[in-house]
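Welcome, and please take a moment to look over the sequence and the model before reading on. A short guided tour comes after it.

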Amino acid sequence: MCALVVKGVFIGKAEDIGGGLSSAIDKQPIDHRLWLWPQGLGSDEQGDPRFHGGPERALHHYPAEHYAYWRRHFRDVDWKAPSFGENLSTYGLTEDQVCIGDIFRWGQAFIQVSQPRSPCYRLSRRWGIPDLPQRVQETGRCGWFYRVLRPGFVSQEDSLELIQRSYPGLTVAHAIQSYFHYPLEHAGLQLLQKCEALTGRWRDTVARRLSTGLVEDWNARLQGLPLEGMRA
């Protein structure tokens, strides 16, 4: 894989989005270098640290290619990065081309793909489209998260370069299919469970499914709850 040109870098501040909910999904472009911490990019914030951010989900990457699809299906929205709250926007790398555990060099930092994004109701709150999180999940246009293996300065001027691939059989697209589309199919779940680079949260959920034969309730994540995300 050749070095990938970064098209946009974005960070945001947590803001009230109504109903007592806080979100930092409305991110803004940054044209200077930032320090990439184990917890995230520069001063980027999360509206609800219980469910967003942290060292296993420090950086969100969303392929710019997906915006053509959203423009076709929701023509009244001016879809462009960072409409999905991404920190990193590129052309030339999608869920079919990147694998869980892939390690990239970006500027001075080393980052590792840790899990696909689990779309949540803040997307529907942001754009006024009630079924948007479900559509993202069903189409597999989720993007993915990185953990930071080595902090350092990064910028839009720095390319992404793949330096290690340890799980070539587990693309992000495959992980999405196994986790969301075929949530009780044993072969897919076992592949996820064996991947040590996958976040502990996802592997714990996979283990419960294999043990109980049940899928957890997704309604709170996709549709939201009255108290979820409220500031203390």
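This report walks through a sheet, the cysteines and one peptide bond. Please keep in mind that the model is predicted.

**The sheet**

Let us start with an open sheet of 8 strands, in which the pairing is mixed. Going across the sheet, the strands come in the order β4-β1-β8-β7-β11-β10-β9-β13. At the edges are β4 (28-29) and β13 (160-164), each of which pairs on one side only. Inside that order, β1 (residues 6-11) meets β8 (residues 88-90), and the two run in the antiparallel sense over 3 bridges. If you would like a spot to find by eye, look for Gly8, which stands opposite Ser89 in β8.

**The cysteines**

How many disulfides does the model have? The count is 0, where a disulfide would need two cysteine sulfur atoms within 2.5 Å. The table shows two cysteines with their closest partners.

| Cysteine | Closest cysteine sulfur | Distance | Relative accessibility |
|---|---|---|---|
| Cys99 | in Cys195 | 9.3 Å | 2% |
| Cys120 | in Cys142 | 12 Å | 9% |

Cys99 has no bond to Cys195 because their sulfurs are too far apart. The sulfur of Cys120 is likewise too far from that of Cys142 for a bond. As for their surroundings, Cys99 counts as buried, and Cys120 counts as buried too.

**A cis peptide bond**

One last stop is the link between Ala81 and Pro82, a cis peptide bond with omega of about 5°. Most peptide bonds are trans. Where does Pro82 sit? Pro82 lies in the loop between α1 (66-73) and β8.

Notes. Residues numbered from 1 in each chain as written. Predicted model: local features only at pLDDT ≥ 70, side-chain atom pairs only at ≥ 80, totals over all residues. Heavy atoms only, no water. Pairing = 2+ DSSP bridges. Helix = DSSP H or I, 4+ residues; strand = E, 2+ residues; numbered from the N terminus. Buried < 20%, exposed > 50% of the residue type's maximum accessible area, 1.4 Å probe, protein only.
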